[in-house]
Amino acid sequence: MTKQVTTSDIRKKKEAGIPITMVTAYDFPSAKLVEDAGADMILVGDSLGMVVLGYDSTLPVTMDDMVHHTKAVTRAAKRAFVVSDMPFLSYHGTIEEAVKNGGRLMQEGLARAVKLEGGSELAPLITRLVQAGIPVVGHIGLTPQSVHQLGGYKVQGRDLEAAKKLLDDALALQQAGAFAIVLECVPQEVAKMIAQKLEVAVIGIGAGVDCDGQVLVFHDLVGYASQLTPKFVKRYADIGTSIREAVATYVKEVELRHFPGPDHVFRASEETIKELYGEGVTQS
C-alpha cells in the first residue's frame, strides 16, 4: 500500500527545501487524477462555491456542502494529504462551535486537516483545534471569505505596514499550532521574507516562486470551464475546449441520426423479430 503523506512529511520537505505541491479539487474524479499525478496535498476549497456550484463568491458555501465534497475527495485520495476548508461563519462564533464543525470535516468528511482564513485573531481557536487533534492550515493575504471587507480581490501586503502585518499574522498562526500556511496574492518579495522567517511550510498562490510550495485550482490549471483566469494561474491544458467540442459533435450526430451507429446497438434474434413484427421482417 502506498504510504500516506503526513504533516511530518510536509515539515521535512520544508526543512529540505523541496517544494510542496497542492491542488484544489472538489470531487472523486478530479481528486483521483490529482492523486495519480503525484501531488502531495489536495485542498477541498470553499472555492467550490464558485467553481462547481455556480455562486459568485465563497460566502454561500455551507458546512454540509464542505462535508459532502470532502467525502468524495477522500474516497479517491489514499496517499495525498487532504485539507478541507472551513466555510464562512463556521468558525466565527464560539470556539466550541468551531471545534465541532472542524470535527465534522474530520469525522464525516475524513479530511486530515482543516484550513481557516484569518490572522492573529484566530490564534486561540487554532490552539484549541490542535489540542482537539485537528491539524490546521492557516490562510492569510487575500482571504476570499473577507472579499467584501477587503474591497475586492486585490493583492495584499504591498506597503511596509501591510507586509509587517502579514508576517506578524503568520508568526501568530505558527505559534498557535498551524502546521502550514497558505499565502494568497502577496508580492513575491514579501512572500519570500515570510517563508524564510517561518518554520512551518508556506504554500503560495499568486505569491511567487520562493514559497515552500504552490497551490492551484484543478479546473484552472487544466482549463476545465473555469470562469476566471487570474494572473497567477498557468494553464497546463485546455480540456474545456476538447469537452465542449466533443459534446457539440455528439449533439450534431444525434440530430442527424448518425449516433448510435451499427457498432453501438444490440441485436435481437431473427426469431424474436418475427414474433415482434411478424413474418417477412429481417434485421437490417
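## Tyr250 and Phe259

Tyr250 is partly exposed, with a relative accessible area of 47%. That value is from a predicted model, as are the others in this report. Phe259 is partly exposed too, with a relative accessible area of 34%. Buried would need a value under 20%, and exposed a value over 50%, so residues in between count as partly exposed.

## Aromatic pairs

The count of aromatic pairs comes to two. One joins Phe81 and Phe179. Their ring centres are 5.6 Å apart and their planes stand at 70°, so this pair is edge-to-face. The cut-off for that label is over 60 degrees. Phe81 lies in strand 3, residues 81–85. Phe179 sits in the loop between helix 8 (160–176) and strand 6 (180–184). The two are 98 residues apart, and the pair links distant parts of the chain. Both Phe81 and Phe179 are buried.

Tyr250 and Phe259 also form an aromatic pair. It is edge-to-face, with 6.0 Å centre to centre and 65° between the planes. Here the partners are partly exposed: Tyr250 at 47% and Phe259 at 34%.

## Helix 5 against helix 6

Helix 5 covers residues 95–107, and helix 6 covers residues 123–131. Their axes come within 10 Å and cross at roughly 50°. That makes helix 5 oblique to helix 6. The crossing is right-handed.

Helix 5 supplies Ile95, Ala98 and Val99 to the contact. Helix 6 meets them with Pro124, Leu125, Arg128 and Leu129. By class, this contact has six nonpolar residues, no polar ones and one charged. Arg counts as charged, and Arg128 is among the helix 6 residues in the contact.

## Helix 6 against helix 8

Helix 6 also packs with helix 8. The angle is about 25°, and the axes are 8 Å apart. That makes helix 6 roughly parallel to helix 8. This crossing is right-handed.

From helix 6, the contact takes in Ala123, Ile126, Thr127 and Val130. From helix 8, it takes in Ala172, Leu173 and Ala176. By class, there are six nonpolar residues, one polar and no charged ones.

## Leu116 in strand 4

Leu116 belongs to strand 4, residues 113–117. It is buried, with a relative accessible area of 1%. Leaving out residues up to four places away in sequence, Leu116 touches Met86, Tyr91, Leu122, Leu125, Leu129, Val136, Val137, Gly138 and His139.

Two of these names recur: Leu125 and Leu129 touch Leu116, and both are helix 6 residues that meet helix 5. Gln175 is 59 residues from Leu116 along the chain. The C-alpha atoms of Leu116 and Gln175 are separated by 15 Å.

## Ala195 in helix 9

Ala195 is found in helix 9, residues 188–197. It is buried, with a relative accessible area of 6%. Its contacts are Lys14, Val202, Asp210, Cys211 and Asp212, not counting residues up to four places away in sequence.

One of these partners is Cys211. Cys211 is 16 residues from Ala195 along the chain. Their C-alpha atoms are separated by 5.7 Å.

Notes: Residues numbered from 1 in each chain as written. Predicted model: local features only at pLDDT ≥ 70, side-chain atom pairs only at ≥ 80, totals over all residues. Heavy atoms only, no water. Axes fitted to C-alpha atoms, helices over the stretch in contact; angles between N-to-C directions. Helix = DSSP H or I, 4+ residues; strand = E, 2+ residues; numbered from the N terminus. Parallel < 35°, antiparallel > 145°, perpendicular 65-115°, else oblique. Left-handed = near helix turned anticlockwise from the far one by under 90°. Contact = heavy atoms within 4.5 Å. Phe/Tyr/Trp six-rings, centres within 6.5 Å; stacked < 30°, edge-to-face > 60°. Buried < 20%, exposed > 50% of the residue type's maximum accessible area, 1.4 Å probe, protein only.
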